[in-house]
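Here's a walk through one structure, strand by strand and then out to the cores and a pocket. Have the viewer open alongside.

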Amino acid sequence: MPVLHSAIHKIDKKPDGTPAVLFLGGAEQVESQARDDLMHQFNESYNGTAGKGWGFFHAESGAFPLSGWLGKYLAGVGDFLKFSTIAVEHLVKLMEESNLTTGGHALFCHYQQGLTEYLIIALVQETEAVTMTEELSLLTIKRLGYYYDGRNEDGKRVEIPLGGDLEIAKAEWAKLDCKPVPKKRALLGQVFDRYEREIIPGKAPKTQSDNLLSLKQLRKAFSDAPIDAVTPQIIAQYRDSRTAKVRANREISLLSHIYNIAREWGLTENNPAAGVRKNKEAPRDFYATEEIWSAVYAVAASELRDAMDLAYLTGQRPADVLSMREADAVNEFLQVSQGKTAKKLRIRLTAAGNLNDLGTLVERLIEQRRSRGVRTPYLIITEDGRQVTKPMLRLRFDDARNKAIAIANEAGDGVLAASIRQFQFRDIRPKAASEILDLGDASRLLGHTDKRITETVYRRVGEIVKPTR
């Protein structure tokens, strides 16, 4: 909740009917923690109030000048202090005409929450309290307080002091209004902190890093907002303002999950992110043809060729391919536990009693490990016996791809070079899905529970059809 401008003036109004005396602030409030805390409390108090009134500004006129003054300020005609001075002078005039008996400090605050700008105009009153000094003596102090705007038995307006603590004031207000005590309003920044502390560590490593990246963006827009102050409209504005449209979708999905968890924690009853329209995403449709595959494969390091073969024949994600071990080959099956979804698969290593292509590859990789005398349990290893990690795989793939691009350019085949440049290791999984004729078989190999995901995202070749003749 960044505070853009704020100013305070004092209206000294006695209950004896004497005219109010206005003391104008000489400058805007300087940036401070005390100022920001006060604005937070006002915002939280307002959002937690039931039965709020809504309306529109009257068109600018002599009787209703505020919209005109505000419009000029927003247009850059005059500064915020000038606007607040004119407005508070008019407020005093209205108070005198209405015979109001209470004054206070007139607070004007221009702040931003998310992508929307707001203006607070509040009449703040002080209450007296007693504190203990370091010398163990009592000292009477004044502090800002909250009041209940009610009526006495004669129907006359009275203000009942509720104290200076917001939460206590809410509880006292509820008693006077015969309503349930309102829940303590949490700021989304506090919810984000708890979610990061308690929920994110239980996710997969890649999901954790993605969530933290999204959370960093969400904090910029929503940290200072009370949890129940965010609306679907505000989230839609956030979506439209983000230039990274796909990232915005991930951030809104995370925000929705945070709200669902917050409901379980009893912090809110709503999820404003549910149902908010996402940006349209076009699935990646690159298909590595045999020509592209062979160009990279021919210049790849031996461990990269092993990884490409294993990824293609198993149809698994890069991280799952690199984590496959000799012990996973059990009873004619290669056992796979997918890191992203925890889906468990048993991929056949034989067909009709003989080793299939995957079985032959796994047998070769196991024999390769033994001949090299390595201790690491993984199937994909370097020639000197080291496990191939994700950074190592990326560097080797980038190097082979660059070599293949150079060879294609030297041969004058710019089209092939441009196609090779688009090739990524992650495209091997869709290549496998695309080259399995039966959609059901492809979906099961990839570990999908819904064939439509396989068909719309991973099948990147056209359907086989018969010609007219």
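Ile11 sits opposite Gly104 of β3. That pair belongs to an antiparallel match between β1 (residues 3-12) and β3, joined by eight bridges. Keep in mind that this is a predicted model. As for β3 (residues 104-113), eight of its ten residues are buried, so the strand is largely enclosed by the rest of the structure.

Ser6 is a good spot to zoom in on, and it lies in β1. Is Ser6 buried or exposed? Its relative accessible area is 0%, and buried means under 20%, so Ser6 counts as buried. Leaving out neighbours within four places in sequence, Ser6 is in contact with Glu28, Gln29, Arg35, Met39, Phe80, Phe108 and Cys109.

Next up is a different part of the chain, with an open sheet of three strands in the order β7-β8-β9, paired antiparallel. Its edge strands are β7 (329-330) and β9, each of which pairs on one side only. Between β8 (residues 333-337) and β9 there are five bridges, again in the antiparallel sense, and Phe333 stands opposite Arg348 in β9.

Which residues of β9 point to which face? Side chains alternate between the two faces of the sheet in a regular strand. Here Leu345 and Ile347 point to one face and are buried, while Lys344, Arg346 and Arg348 point to the other and are not buried.

Backbone angles are worth a look too. Most residues other than glycine have a negative phi. These three go positive:

| Residue | Location | Phi |
|---|---|---|
| Glu332 | loop between β7 and β8 | about 65 degrees |
| Ala342 | hairpin of β8 and β9 | near 65 degrees |
| Ala352 | loop between β10 (350-351) and β11 (354-355) | near 55 degrees |

The hairpin that holds Ala342 has six residues between its strands. Ala352 has a relative accessibility of 82%, and the cut-off for exposed is over 50%, so Ala352 counts as exposed.

On to the packing. The largest nonpolar core has 44 residues, and Val296, Leu304, Met308, Leu310, Ile420, Phe423 and Phe425 have the most contacts inside it. Helix α13 gives the most to this core, with seven residues. What does Leu310 touch, beyond residues up to four places away in sequence? The list runs Val321, Met324, Leu358, Leu361, Val362, Leu365, Leu379 and Ile380. There's also a second, separate core of 25 residues, which includes Phe192, Ala225, Leu254 and Leu255.

Last stop: the second largest pocket. Rolling a probe the size of a water molecule over the atoms shows where empty space is left. This pocket holds about 1,900 Å³ of space. It is lined by 41 residues, and those closest to its centre are Lys206, Arg317, Lys340, Arg426 and Tyr458. The elements giving two or more residues to the lining are α6 (205-222), α8 (245-264), α11 (318-322), α13 (390-410), α15 (428-434) and α17 (451-458). Of these, α13 gives the most, with six residues. How do the lining residues divide by type? There are 18 charged, 14 nonpolar and nine polar residues. So α13 turns up twice on this tour, as the element that gives the most to the largest nonpolar core and to the lining of the second largest pocket.

Terms used. Residues are numbered from 1 along each chain as its sequence is written. This is a predicted model: local features need pLDDT of at least 70, side-chain atom pairs count only at pLDDT 80 or more; totals for chains, interfaces and linings use all residues. Side-chain values use heavy atoms; hydrogens and water are left out. On a 1 Å grid over the protein atoms alone, a cavity is a set of points where a 1.4 Å probe fits but cannot get out, and a pocket is an open set with protein on both sides within 12 Å along at least five of seven lines; lining residues have an atom within 4 Å of a point. Grid points are joined across faces, edges and corners, and a volume is the space filled by probe spheres set on the points. Helices (H or I, at least four residues) and strands (E, at least two) are DSSP runs, numbered from the N terminus. Ala, Val, Leu, Ile, Met, Phe, Trp, Tyr, Cys and Pro count as nonpolar, Asp, Glu, Lys and Arg as charged, and the others, Gly among them, as polar. Buried means under 20% relative accessible area, exposed over 50%, partly exposed in between (1.4 Å probe, protein chains only). Two strands pair if DSSP finds at least two bridges between them. A nonpolar core is a set of buried Ala, Val, Leu, Ile, Met, Phe, Trp, Tyr and Cys residues joined through side-chain atoms within 4.5 Å. Contact means heavy atoms within 4.5 Å.
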